[in-house]
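Dear colleague,

I am passing on a structure that is new to you, with some notes to read beside it. Please look through the sequence and the model before going on.

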Amino acid sequence: MNRLLPLPVVVPLLGAALTLVLGRWPGLQRAISVAGLTTTLAVAGVLLVEAYRHGPVVLAIGGWPAPVGIVLVADQLAALMLVVSAAVTLCVLLYSIGQGRGETGETAPVTIYHPTYLVLTAGVTNAFLAGDLFNLFVGFEILLAASFVLITLGGTEARIRTGSTYVVVSILSSMVFLAAVGLVYAATGTLNLAQLAQRLDALPDGVRLALQLMLLLAFGVKAAVFPLSAWLPDSYPTAPAPVTAVFAGLLTKVGVYAVIRTETLLFPDGKVGTLLMVVAGLTMLVGILGAVAQSDLKRVFSFTLVSHIGYMIFGVGLSTVAGLSGAIFYVVHHITIQTTLFLVAGLVEERAGSTDLRRLGGLARMAPLLGVLFFVPAMNLAGVPPFSGFLGKLGLLQAGVAAGGALPGALVAAGTVTSLLTLYVASRVWNVAFWRAPQVTTDEPAVRLPGLMVGATVALVLFGLALTVVAGPLFDVTADAASDLRDRTPYLRAVLPEGGPW
């Protein structure tokens, strides 16, 4: 099975090369992109089953074993992230194909869109599979380089302006990450994650804490945790709907994944747990209060995106198996639901010509299916029973109560308030955009939503509902993954050479 490990990275890269060469044949581009992401999803599913049954799957690139060579590792956490990310990117790709109004339209310039999108996918999968810090850095840089192109598609003034902010912030965070990588190597003589798990313990406490904080700073910017999140609500809403959706669903979660991976494997003592919980509480509350104040649908969703990152960081800060399990479950839930909501925002813009809540109204009557497609994931995000959002939040809040203490208790209260305010925001959007009378009258005929756009959104809505149906088995997987993360032994045994220290 380990021979399958490179495929989630190699297949999208090969697809990117082919679609770039075949730029004059959009139909072939679409077929190659869909086939490549479908293959990636199938391989990811096989790796998840293998990791769940037999432990981490490891491949030493070029036959050079760790810690000398580069290794790819798919434990339960990485494999689960691969499956969810592949499913989401495939649905968003189908949505973007449906949205293209002609092969040269501003919404989806096909010639560059498909290669760049596949490169982004390869960067995401490489980051999830990386077995050393530098390869993790490479994964981030691949996805960021592609995102720089995607966020400015169309070349409008607003996209260039906000894209510039995104590029500057991303480059600065990458510089911090690269500096941290260099310092880690200078202090330990290795970048292999498994070997670092051994050697970092021997460093002086001050040096170890400084390295930990540098990595957290870099990942905190990428994950958009408060106060490092100010760039996100201004950058995402101006991009095309499918680009915003995949950014919201995946890019911040790669940062969260990096936090989970490094904090459990490299710094398992939980010394910064208090800091993480304080940051998590502020992220939840500041983000959702920002959403309450917005009058544009995309900005509302951008602020809820920031807010709910706090739930995941809360689970990591608890540094318990229950907290990590809840965090992993919530990552899976949030990737799916947040992506769906941004796709719905794109459908609203396609149908009504705007996402400004002051101009919207009557959508539930004019487009009943669109109302359903918004209502279901919005209630899921708000944590209304019995949806997966409720189950994920319940798992995290129970973990906080079980941990005891004033700070976890305060975070439980903050999480509850955030959930209620999210319900308020979702209800407000429903009442304003869908329920009240139309605010702008027009004699223009109603725009018919492309079937492929609607179908891809329906698929993600159903995927979100499926997370509720399979919540029990999914919690079993996340609990096993969290247990392995806390134990570290399965990862070390799988990565380091037989007979070597672990």
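The notes below cover the core, one aspartate and one helix.

This is a predicted model, in which local features need pLDDT of at least 70 and side-chain atom pairs count only at pLDDT 80 or more, while totals for chains, interfaces and linings use all residues. Residues are numbered from 1 along each chain as its sequence is written, and side-chain values use heavy atoms, with hydrogens and water left out.

The largest nonpolar core (buried Ala, Val, Leu, Ile, Met, Phe, Trp, Tyr and Cys residues joined through side-chain atoms within 4.5 Å; buried means under 20% relative accessible area with a 1.4 Å probe, protein chains only) holds 172 residues, and Phe-374 is one of those that touch the most other members. Helix α13, residues 321-352, gives the most to this core, with 16 residues; helices here are DSSP runs of H or I, at least four residues long. Beyond its neighbours within four places in sequence, Phe-374 is in contact (heavy atoms within 4.5 Å) with residues including Phe-301, Leu-341 and Trp-430.

Asp-356 sits in the loop between α13 and α14 (363-366), and it is buried, with a relative accessible area of 16%. A polar atom of the Asp-356 side chain lies 3.0 Å from the backbone nitrogen of Arg-358, and Asp-356 also touches Ser-295 and Asp-296, residues up to four places away in sequence not being counted.

In helix α2, the buried residues include Pro-26, Gly-36 and Leu-48, and just after α2, Gly-55 takes a positive phi of about 95°.

With best wishes

Notes. Buried means under 20% relative accessible area, exposed over 50%, partly exposed in between (1.4 Å probe, protein chains only). Helices (H or I, at least four residues) and strands (E, at least two) are DSSP runs, numbered from the N terminus. A polar contact is a pair of N or O atoms within 3.5 Å; within protein, one must be able to donate a hydrogen and the other to accept it, and residues adjacent in sequence count only if both atoms are side-chain atoms.
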